[in-house]
4 protein chains.
Amino acid sequence: MNSSLRTDLAIENAEMFHEQEELQGICIREEDGRRAGIRITRVTVENEVGARKIGKAVGDYITLEIPELDMEDVSYHQSICDEVVEQLTELVPDIRNKKVLVAGIGNRKMAPDALGPLVVEHLLITRHLVQEYGKNTEITRGMGCVSALAPGVMAQTGIETREILLGAIHETHPDVLIVIDALAARNVRRLNKTIQITNTGIAPGAGVGNRRFGIDRDSMGIPVIALGIPTVIDAAAIVDDTVGNLLAVMDSEANSLGQCIGKMIKNLDDSERYQLVRELMAPEMVNMFVTPKNMDEIVLQMSYTLSEALNQLCHSIA
Amino acid sequence: MNSSLRTDLAIENAEMFHEQEELQGICIREEDGRRAGIRITRVTVENEVGARKIGKAVGDYITLEIPELDMEDVSYHQSICDEVVEQLTELVPDIRNKKVLVAGIGNRKMAPDALGPLVVEHLLITRHLVQEYGKNTEITRGMGCVSALAPGVMAQTGIETREILLGAIHETHPDVLIVIDALAARNVRRLNKTIQITNTGIAPGAGVGNRRFGIDRDSMGIPVIALGIPTVIDAAAIVDDTVGNLLAVMDSEANSLGQCIGKMIKNLDDSERYQLVRELMAPEMVNMFVTPKNMDEIVLQMSYTLSEALNQLCHSIA
Amino acid sequence: MNSSLRTDLAIENAEMFHEQEELQGICIREEDGRRAGIRITRVTVENEVGARKIGKAVGDYITLEIPELDMEDVSYHQSICDEVVEQLTELVPDIRNKKVLVAGIGNRKMAPDALGPLVVEHLLITRHLVQEYGKNTEITRGMGCVSALAPGVMAQTGIETREILLGAIHETHPDVLIVIDALAARNVRRLNKTIQITNTGIAPGAGVGNRRFGIDRDSMGIPVIALGIPTVIDAAAIVDDTVGNLLAVMDSEANSLGQCIGKMIKNLDDSERYQLVRELMAPEMVNMFVTPKNMDEIVLQMSYTLSEALNQLCHSIA
Amino acid sequence: MNSSLRTDLAIENAEMFHEQEELQGICIREEDGRRAGIRITRVTVENEVGARKIGKAVGDYITLEIPELDMEDVSYHQSICDEVVEQLTELVPDIRNKKVLVAGIGNRKMAPDALGPLVVEHLLITRHLVQEYGKNTEITRGMGCVSALAPGVMAQTGIETREILLGAIHETHPDVLIVIDALAARNVRRLNKTIQITNTGIAPGAGVGNRRFGIDRDSMGIPVIALGIPTVIDAAAIVDDTVGNLLAVMDSEANSLGQCIGKMIKNLDDSERYQLVRELMAPEMVNMFVTPKNMDEIVLQMSYTLSEALNQLCHSIA
């Protein structure tokens, strides 16, 4: 598994292998779309063999592909909310009776990274009320017990996200941690159109940037659910895709040009081709990402959808 | 000591008693203004007797009164910075060799409460670099070890500020905590024109709103320095001042009107008068504050001054 | 009429005279509350005599007093919207067939002044679509013709609001101008709880700050409707109210104290008392305003309600 | 000239032809770098023949290439400021005695498009002071006469930028219009590292998005200077560059593979290759742009540099 093929989506890691060999230790299952416009794929990494192959921790990765996710909707995408609530309810049964800590990871001031902090801003926060008045009183009727943090990024705090969350867990003893994060995808069709839900937390080295070490059940001591949407694509990935398409087109042409390109393709596997692409790209491209120009609007819109889902998940009043 | 006379400034608590009696256990000292345009007063609460009388914890409260603090200045008010650096250096000797955690208390989204979070945004954060490269390497030369948090407010997190800071201290082991907070003053002349520096931290019930419990050496386990600027005044305080002035004017008039008012004044002490004022005010005034209309601009401007001071305090490069 | 009693609400100007004399040229009428929780008063300034007396231009001033206006509401206060739509429909019949220019007056960066610019941000803007595709095409079905500007404030542009709007009207030929503005009230009970709708535009010298000259039918050449909500109160007004209450209480006491105060009151009319209050206040109070600490949240919330009303007014699809 | 090769930089249009043929009607001149770290190229479109060839209006295009432009600098890049001031002084002699209107084009809420509105926010605005007090009074000493607008984008206003500016010019009679705009580049090395200054204004159809019609001396009736920085690159341009590099590498390989690719290259000119690339790309790429993830920070930083330059240009006090 080549780490240079940057994606945070397990489904994309799996796809790379899909057509070439049997994926031992990995189970990929398309679920029956219960809701129109939402395609669900579940990737299960069953053991360490699968984990090493696919570069993802053992656990479940549920991918919702939703063409309308980045579009405006006055009802905050109720059917998307419903699907997210159902999936999370399966992963965390009886969540309304649990103490939930939500962590919005990322940099509030950078549009493609602001998803987590924005979701946290719109949540219905109740832990302090439940602490003061108890559950199911006149004031807290229908409320779960939800607290939330936007821990910021290391360049702004000097503290690892992991450390801040550990400290907060140590002091407030939640039963489950839900982490919201902006992801990097490989395929432009998934940008702002995919939600990934996983019970593995956030793995070391994941995605764009510098999360540092894992935020998972092992490090946090409680179950960790991660909810993410890809908001950027590494610029190199875009180029690589197009070059791949170019070569494929050439290969299909039944002439001598196609034939000699054909030989070349046989000599390059995916990650070699990616390396070649990176070398051919200008060095300035290294920290460039592909994102729509109105990412500011889109991330705000999507954050309302996710926070609405979390509010419906955790409370019976929201 | 009447808790209804809301102020976070020890100097204002002290002033209330000043003219009436000897203040046992309290020492008030005007210091020699080393810098033009900055008037320095040090209130020392020497023991529990003084603390009870004045309603402030035992410790030092240094008040810098600076008429120019809320004005624009291209050099970020260098002389104010210098004074703040000097005062803090006295309170925390050898701070450049210490691990410093800065906490920006308050609500980033409300202008008069945003001072702390804004200061944190402009700090030079280095803990992660010192952790990775060590001190005094090519990369970290001149850098102290500074980390920072803006823990948000309880309505947004469900977690007490105290809990988040305790957790972070537990994980990152700083040597000293510096807390930045927006304060409430009693006197409009001090609004946005005063910096209070204290080694007592933030006391229970202080100021406007709901800090909940103390953030001090006792609760945090490390020295806590608090740096604050008053950005609001309780609307009732303004009215009370004016009524006080009105009655004083009347009393000085040497006629029968003055005389009967005179009798009335004798029957009301300060806190009784304040109670009367509150009763006379519309109930809607309870959560109203007096603040300049351009508070958004002023708080940003002042936050640069404080963060500049902290950068100069903690690093030798900033 | 004393200009120092600052209010932008005609109803408050009228109230000052109410109890003292017959108001010639002014008609005040409470309308039947068609909707629960909304009290409607219509002040009509009938002629120049009334205008001089009350300090407001000839025309209609409809005041909606709505205790819930500053509270959160998931449905954007549908009944408030409905009332605003009805009132505006009376003032501008057949508005869906007219070209409407909306101007959001004020400073986007100062919370109490941001109402107008925020309303403009949430409007459904269609003029460019109607220009390109025509009315009632597949793309523009149900759309009125709405354009909008947030002209900023003179300190930021160097240009008077009036000049920018005149220029835009000159170029785009709208049929009607709707101006949204944050107002100053006199009475704290009206702060963030009142909508004033008037067909007189914005009068010279109105409200807090420096609008400069009028924005009305005369200066703009087209009908001008102004929609405003009071978001600040001059600090002096608060004090004045309380002092008034104090003196009233004293007067009612049947003793010698009450009697001598009684004499004093007889010697002060409202505006003299206000002058006295200003003299007794600290000079720093001059540019201070009373506003709730969470004005940032409240103004955002209220802006959604007004823009929702305008969208429903101008389009049949929003 | 193929319009699909999107760039707003005249230097990039010129480069495309550079090596292939003599550019009739175009003069390209590298100027002596008077300042370290700033490379200056002047492209002069001399007549309509040149204009048609290069797809740019007749006039001067000065390109400053500055590797440090997107980096933080406490002095706001004084040497860059100085260069910009010098270049603008040449284009608009005696500007301090002229009435200047600055227009910040673009969408304030989208980071890569916010350059213009941000520059306007930081300008020293003086027209209203000069109007009120006259020039060279105690208050206005050293001040030029500057007004400014951020007209917003058509989707938010329904009005074309051109119309708003025309209206403002009609009302306020400035002597010169300076337009600030975010541009699209073709080459990633120029992204956030180039300033283009031109006396041609903004041409119809320029750049990313929908400026609509020209903002130039013809349409505005006064000289129009445009100042821009490229902040985005069309994603297709990136891919195209890399494919070009790939083919070039192949061509240079002295084997049969190289030879057959060589033949293919001969059969594709630049714009045909670009078309091929677009077809090979996913359709979702159409509205995607390449930009650094921290564009929010960079655009703010660069806006300070440009507004500082304009302040120094127009005033002798700033």
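Here are some numbered notes on this model, which is a predicted one.

1. Starting with chain A as a whole: the chain carries 12 helices and nine strands. Of its 318 residues, 60% count as buried. The accessible surface of chain A comes to about 12,800 Å², and carbon and sulfur atoms account for 48% of that. As for contacts in chain A between residues at least 6 apart in sequence, 74% join residues at least 24 apart.

2. On to chain C and its strand β3, which spans residues 59–65. This strand is mostly covered, with seven of its seven residues buried. β3(C) has strand β2 (residues 39–45) of chain C as an antiparallel partner, and seven bridges join the two. If you want a register check for that pairing, V43(C) stands opposite Y61(C).

3. β3(C) also pairs with strand β7 of chain C, residues 194–198. That pairing is antiparallel and runs over five bridges. Here the residue to look for is T63(C), which has Q196(C) of β7(C) standing opposite.

4. For a parallel case, turn to chain D and strand β4, residues 99–104. Five of the six residues of β4(D) are buried, so the strand counts as mostly covered given the cut-off of under 20% relative accessible area. One parallel partner is strand β5 (residues 145–149) of chain D, over five bridges. Within that pairing, A103(D) has L149(D) as its bridge partner.

5. β4(D) has a parallel pairing with strand β6 of chain D as well, residues 176–185, again over five bridges. V100(D) stands opposite V176(D) there, which gives you a handle on the register.

6. Now a backbone point in chain C. Which residue in the loop between α7 (161–172) and β6 (176–185) of chain C should you look at? The one to look at is H173(C). H173(C) is not a glycine, yet has a positive phi of about 50°. Its relative accessibility is 51%, so H173(C) counts as exposed.

7. N192(C) is another non-glycine with a positive phi, this one of about 60°. N192(C) lies in the loop between β6 and β7 of chain C. Is N192(C) buried or exposed? Its relative accessibility is 1%, so N192(C) counts as buried. I'd look at H173(C), exposed at 51%, and N192(C), buried at 1%, side by side.

8. Helix α7 of chain D covers residues 161–172, 12 residues in total. From its first C-alpha to its last the helix reaches 16 Å, close to the 16 Å expected at 1.5 Å a residue. Nine of the 12 residues of α7(D) are buried, so the helix is largely enclosed by the rest of the structure. Among those buried residues are T161(D), R162(D), E163(D), I164(D) and L165(D). G167(D), A168(D), I169(D) and T172(D) are also buried. Right after the helix comes H173(D), with a positive phi near 50°.

9. Staying in chain D, H122(D) is placed in the loop between α4 (115–121) and α5 (127–133). Its relative accessibility is 19%, so H122(D) counts as buried, the cut-off being under 20%. What does H122(D) touch, leaving aside its neighbours within four places in sequence? The contacts are with L300(D), S303(D), Y304(D), S307(D) and N311(D).

10. In chain B, have a look at G244(B), found in helix α9 (residues 235–252). G244(B) is buried, with a relative accessible area of 16%. The C-alpha atom of G244(B) is separated by 9.3 Å from that of Y274(B), and the two residues are 30 apart along the chain.

11. Last, the aromatic rings. How many aromatic pairs does a search of the whole structure find? Zero, over all chains. There are charges over rings to report, though. The charged end of K293(A) sits over the ring of F289(D), 6.0 Å from its centre. Likewise, the charged end of K293(B) sits over the ring of F289(C), 6.0 Å from its centre. Both of these run from one chain to another, A to D and B to C.

Technical notes
Residues are numbered from 1 along each chain as its sequence is written. Chains are lettered from A and ligands numbered from 1 in the order in which they are written. This is a predicted model: local features need pLDDT of at least 70, side-chain atom pairs count only at pLDDT 80 or more; totals for chains, interfaces and linings use all residues. Side-chain values use heavy atoms; hydrogens and water are left out. Buried means under 20% relative accessible area, exposed over 50%, partly exposed in between (1.4 Å probe, protein chains only). Helices (H or I, at least four residues) and strands (E, at least two) are DSSP runs, numbered from the N terminus. Two strands pair if DSSP finds at least two bridges between them. Rings of Phe, Tyr and Trp (its six-membered ring) pair if their centres lie within 6.5 Å; planes under 30 degrees apart count as stacked, over 60 as edge-to-face and the rest as tilted. A charge sits over a ring if NZ of Lys or CZ of Arg is within 6 Å of the ring centre and within 35 degrees of the ring normal. Contact means heavy atoms within 4.5 Å. Accessible areas come from the Shrake-Rupley method with a 1.4 Å probe; for residues, only the protein chains shown count as cover. The expected span of a helix is 1.5 Å times one less than its number of residues.
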